[in-house]
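Work through the exercises below with the model open. Try each task before you read its solution.

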Amino acid sequence: MFGFVASRVARAALTIGFVVTFAFVVLRLSGDPAMLIMSVDAPPEAIEAFRKAWGLDRPIWEQYVAYAAKALSGDFGNSMRDGRPAIELVLERVPMTLAITIPAFLIKIGLGIPAGIFAALHRNSVLDRLTMTVSVAGFTVPSFVLALLLVLVFSVQLGWLPSSGSESWQHAILPIITLGVAGAAVLARFTRSAMLEVLGQPYIRTASAKGVPWRRVVSGHALPNAAIPTVTIVGFMIGSLIAGAVVVESVFAWPGVGRLLVASVANRDLAVVQAILLAIAISMVAANLAVDIAYGWLDPRPRRGRAHA
Amino acid sequence: MDKLVEIRGLTVDFAQGGRSIRALHGIDLDVGAGEAVGLVGESGSGKSVTWLAALGLLPGTASIRGSVMLDGRQMVGAPRSMLETLRGRRVAMIFQDPSSSLNPVFRIGRQIGEALGLHRGLKGAAAEAEAKRLLDRVGIANGARRLRDYPHELSGGMNQRVMIAMALAGEPDLLIADEPTTALDATVQAQILALLQEIRHESGMAIVLISHDLGVVAENVDRVCVMYAGRLVEEAASDTLFDRPRHPYTRGLLAALPALDGPRTRLVSIPGSVPEPWNLPKGCAFAPRCGEADEACHGSQPPLVPVNAAERVLCFRTRYFPDAPASQPQPVPALQDAAFREAVL
């Protein structure tokens, strides 16, 4: 068991290190921050001074070693725009993002999973087809299109909700719905197929044959098994709570991590982009680890198998 | 013998891609209290479907007609709640692949305990003690520890024993064993069959043993029903059936069975294959593979008729060589043949 945890942690660290390195190299090769942050007609000496101040004149591997050494001690550098620590800029945006991604996540779970179960139990019925049609529409329509549609209806036509900004809780409603609907659609489809797979298994017939009432066959025998594959996608959704709203935040001018990412990339504000990517990597890796643990809890098979290995 | 189950004219149709495919063409079958009945046939012959239909375990795409009486209660078309009270309690069923027939995420003890709770109201320590006793009953040693095992930690044979223990939990009057040993090794197969026999003698529970293997059925049942393409084609006491098979299909099955004694001989297989249910011939479904079929066999469906009090056979031809040994069909006297056909048609 210790070996299992140790190898998982080592793998997680490796993943995070890889993401940081990759982002570092790509960002340094993709454009000169000095040109973007200084104005175009800035004198060459000023640009050179800027490069020197941020260490951009040194070879990339030297920059990388310096960055990595600092990062290991918790210093992720400062924003090139306002000089504040990058990590601070990111962390102050996190609550804003969570304010829309957590309610959206609850919608995905609360709507998507029951809809998928319902559709599976009424396979090929009119209601199943309707649910799945809505679901296909829900996840094929890109989120910015859905966002604009919602704005058109609820802000422009009906005038019920604000179309952008973050001044009140009403401003959060449309972003939450946009995120929630698409995720619920994906989850509904996934849950349905997981349920159908399980309902066709011999042990479901066994449960019925031994006299278990159908409702209990579904809740007691089918759901625990269908939960196993569903957990994967739910874990992915948890992992993207921090950075899964880039497009929606941009459309609704919601000042979260996603918008900070877009702005920082555009400005080549390297340290900030790096810090955001690091945060994303950590949350994804943590979610993955949680999925693994949940798997072991839901399904006795792999846990036992690995424990012996 | 008291009739426990009485099946009359049971038909099953599956809706498939807008059309309806008949899987079962009117089955008449009785099972007496405490009796052991064998149901033999190739896959797709309808032997499992018969009992899944009787218990209402077929998917919604199946439409079931006819009558299945259990203790004078009609099961076809009965509300789900009524069927649920009968399943496991009056009629239990075990299946072909024991390892996937047990829920992989629950411990054995919980799965047996569930049946005990449903049928006998046992919970907690009482349920655990009874589950342990049942494991002991089906020959699983160290039951207390096994109750904490998951199905994947047990062998196929052990899992089938668990399935049997679970079936016994409801103290049913009838156990349907649907190919209970097909997925198991030969030695384990014999052990499971012996266990079923033992339990039957001890408890007086009736057993329906479904198998594609006449050899498996032979020593374990009082009466054998042979099925082919959704119909019962021959029914007889097991001794009679093995000594004097009447239907050409039964004779073919027996000829394909290796003899345990006597000289080694080449096994004879039945030519051709079972027709698809959506592509049945006009007449007797076995006619295309039958060495003795004539025009009438190809032209119309023979009925299942009693030969005597204990035997029924569905064939135009075989009534004329009732005592024919397994692999030597005798020539049919033409005159008698015509007379018989007149009588039947």
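The exercises go from the whole chain to sheets, single elements and contact surfaces.

This is a predicted model: local features need pLDDT of at least 70, side-chain atom pairs count only at pLDDT 80 or more, and totals for chains, interfaces and linings use all residues. Residues are numbered from 1 along each chain as its sequence is written, and chains are lettered from A and ligands numbered from 1 in the order in which they are written.

**Exercise 1. Take stock of chain B.**

Task: State how many helices and strands chain B has, and what share of its residues count as buried.

Solution. Start with the elements. Helices (H or I, at least four residues) and strands (E, at least two) are DSSP runs, numbered from the N terminus. Chain B has 13 helices and 12 strands. Next, burial. A residue is buried if 20 or more other C-beta atoms lie within 10 Å of its own, exposed if 12 or fewer, and partly exposed in between; C-beta atoms are placed from the backbone. Of the 345 residues of chain B, 43% count as buried. Last, contacts: two residues are in contact if their C-beta atoms, placed from the backbone, lie within 7 Å. Take the contacts in chain B between residues at least 6 apart in sequence: 63% of them join residues at least 24 apart.

**Exercise 2. Order the strands of the two open sheets.**

Task: Give the strand order of the sheet of 4 strands and of the sheet of 8 strands, then find the edges of each.

Solution. Two strands pair if DSSP finds at least two bridges between them. The 4 strands of one open sheet in chain B run in the order E2-E1-E4-E5, with antiparallel pairing. Strand E2 (19-32) and strand E5 (73-74) of chain B each have a single partner strand, so one side of each has no neighbour in the sheet. Check one pair: strand E1 (residues 3-16) of chain B is joined to E2(B) by 11 bridges and runs antiparallel to E2(B). B:Gln16 stands opposite B:Arg19 in E2(B).

Now the open sheet of 8 strands. In chain B its order is E6-E7-E8-E3-E9-E10-E12-E11, and the pairing is mixed. Its edge strands are E6 and strand E11 (305-306) of chain B, each pairing on one side only. Inside this order, E3(B) and E9(B) pair in the parallel sense over 4 bridges. There B:Leu39 stands opposite B:Cys225 in E9(B).

**Exercise 3. Describe the surroundings of strand E8(B).**

Task: Which strands are joined to E8(B) by 5 bridges, and which residues point each way from E8(B)?

Solution. Take one partner first. Strand E3 (residues 36-40) of chain B runs parallel to E8(B), over 5 bridges. B:Val40 stands opposite B:Ser211 in E8(B). Then take strand E7 (residues 174-178) of chain B, which is also parallel to E8(B), over 5 bridges. Here B:Leu174 stands opposite B:Ala206 in E8(B).

Next, the side chains. In a regular strand they alternate between the two faces of the sheet. B:Ala206, B:Val208 and B:Ile210 point one way from E8(B), B:Ile207, B:Leu209 and B:Ser211 the other way, and all are buried. With 6 of its 6 residues buried, strand E8 (residues 206-211) of chain B is largely enclosed by the rest of the structure.

**Exercise 4. Place helix H11(B).**

Task: Which residues of H11(B) are buried, and what do they pack against?

Solution. Count first: 7 of the 8 residues of helix H11 (residues 248-255) of chain B are buried, so it is largely enclosed by the rest of the structure. They are B:Pro248, B:Tyr249, B:Thr250, B:Arg251, B:Gly252, B:Leu253 and B:Leu254. The buried residues of H11(B) pack against helix H9 (214-218), strand E9 (223-228), strand E10 (231-237) and helix H10 (238-243) of chain B.

**Exercise 5. Map where chain B touches chain A.**

Task: How many residues of chain B are in contact with chain A, and which helix gives the most?

Solution. In total, 26 residues of chain B are in contact with 20 residues of chain A. Helix H2 (80-86), strand E6 (91-94), helix H3 (98-101) and helix H4 (108-120) of chain B each supply at least two residues of this side. H4(B) gives the most, with 4 residues.
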